[in-house]
Amino acid sequence: MTSGITKPIYVLNGPNLNLLGQREPGIYGAQTLADVEAECIAFGKEHGFDVICHQSNHEGDLVGWIHEAGEKGSGVAINAGAYTHTSIALYDAIKGVDVPIVELHISNIHARESFRHHSMIAAACLGQICGFGTDGYTLGLRALAKYLSR
Ligand code: CA2
């Protein structure tokens, strides 16, 4: 299928998400990060766009990839992990680029500890998807693709 989306969509994962599928399956599910990334790439292929996936435990790497997506990409789906709740640098990076960015969380952050209820990046993002497990990644890509094709 051709989507008219000519530049790739970036899927970014932050700290500790490399452990997906290895610990805390009750909260984060059984899929590994490699499974989730493969599903995102396959979803892009089906819908006519390329997907570039990155994960890092370092805030600056995420900032760099947001900048890169601003130049070379169409949009970003980001699970910033715990940096969601702390990072003004990610908020500024998202504000600083001219591509739509969807905030993702596997768990429902609003139903967990109070320190997870606030997202530093939410106000800079197009929208937030949380609480749907790892399905949230393809839900986020669907939302971005629809938004970009409008
Ligand atoms: O629900 C989400 O996706 C989170 O972004 C995950 C972050 C957490 O700090 C956010 O509040 C919500 C934590 C990611 C940790 O990932 C792990 C995965 C497997 C085992 C251990 C940690």
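Before I place anything in this structure, let me say that helices, which here have at least four residues, and strands, which have at least two, are DSSP runs numbered from the N terminus. With that in hand, I can tell you that Glu 24 sits in the loop between S1 and H1, and I should add straight away that what we are looking at is a predicted model.

Let me stay with that loop for a moment. Phi of Glu 24 is near 50 degrees, which is a positive value in a residue other than glycine, and Asn 16, which is not a glycine either, has a positive phi of about 75 degrees. Asn 16 also belongs to the loop between S1 and H1. The reason for pointing these out is that most residues other than glycine have a negative phi. As for its surroundings, Glu 24 has a relative accessibility of 46%, and because buried means under 20% and exposed means over 50%, Glu 24 counts as partly exposed.

Helix H1 covers residues 25-28, and Tyr 28 is found in it. Its relative accessibility is 22%, and since buried means under 20%, Tyr 28 counts as partly exposed. If we leave aside the neighbours within four places in sequence, Tyr 28 is in contact with Leu 20, Ile 106, Ser 107, Arg 112 and Thr 134. Please look in particular at Ile 106, which is 78 residues away from Tyr 28 in sequence, while their C-alpha atoms are 6.1 Å apart in space.

Now to the sheet. In which order do the five strands of the open sheet stand? The order is S2-S1-S3-S4-S5, and the pairing is parallel. S2 and S5 stand at the edges with a single partner strand each, and therefore one side of each is left without a neighbour in the sheet. On average, and with direction ignored, neighbouring strands of this sheet are turned by 20 degrees against each other. Helix H3, residues 59-72, packs on the sheet, where it touches S1, S2, S3 and S4, and its direction makes about 175 degrees with that of S1.

I would like to take S3 as our example strand. It pairs with S1 in the parallel sense over five bridges, and with S4, again in the parallel sense, over three bridges. A good residue to follow by eye is Ala 77 of S3, which is the bridge partner of Val 11 and which has Val 102 in S4 as a bridge partner as well. Next to it in the strand, Ile 78 stands opposite Glu 103 in S4.

In a regular strand the side chains alternate between the two faces of the sheet. In S3, Gly 75, Ala 77 and Asn 79 lie on one side, Val 76 and Ile 78 lie on the other, and all of these are buried, which leaves both faces covered. In other words, five of the five residues of S3 are buried.

Let me turn to helix H5, which runs over residues 135-148 and has 14 residues. From its first C-alpha to its last it reaches 20 Å, close to the 20 Å expected at 1.5 Å a residue. Its buried residues are Gly 136, Tyr 137, Thr 138, Gly 140, Leu 141, Leu 144 and Ala 145. What do these buried residues pack against? They pack against helix H2 and against strands S1, S2, S3, S4 and S5.

Thr 138 of H5 deserves a closer look. Is Thr 138 buried or exposed? Its relative accessible area is 16%, and because the limit for buried is under 20%, Thr 138 is buried. Not counting residues up to four places away in sequence, Thr 138 touches Glu 39 and Phe 43. In helix H2 we also find His 47, which at 17% relative accessibility counts as buried. Apart from its neighbours within four places in sequence, His 47 is in contact with Met 1, Ser 3 and Arg 142.

I will finish with the aromatic rings. The structure holds one aromatic pair. Separately, Arg 150 lies over the face of Tyr 147, at 3.7 Å from the ring centre, and I invite you to find that arrangement in the structure yourselves.

Terms used:
Residues are numbered from 1 along each chain as its sequence is written. This is a predicted model: local features need pLDDT of at least 70, side-chain atom pairs count only at pLDDT 80 or more; totals for chains, interfaces and linings use all residues. Side-chain values use heavy atoms; hydrogens and water are left out. Rings of Phe, Tyr and Trp (its six-membered ring) pair if their centres lie within 6.5 Å; planes under 30 degrees apart count as stacked, over 60 as edge-to-face and the rest as tilted. A charge sits over a ring if NZ of Lys or CZ of Arg is within 6 Å of the ring centre and within 35 degrees of the ring normal. The expected span of a helix is 1.5 Å times one less than its number of residues. Buried means under 20% relative accessible area, exposed over 50%, partly exposed in between (1.4 Å probe, protein chains only). Contact means heavy atoms within 4.5 Å. Two strands pair if DSSP finds at least two bridges between them. Axes are lines fitted to C-alpha atoms, for helices over the stretch in contact, and angles run from 0 to 180 degrees between N-to-C directions.
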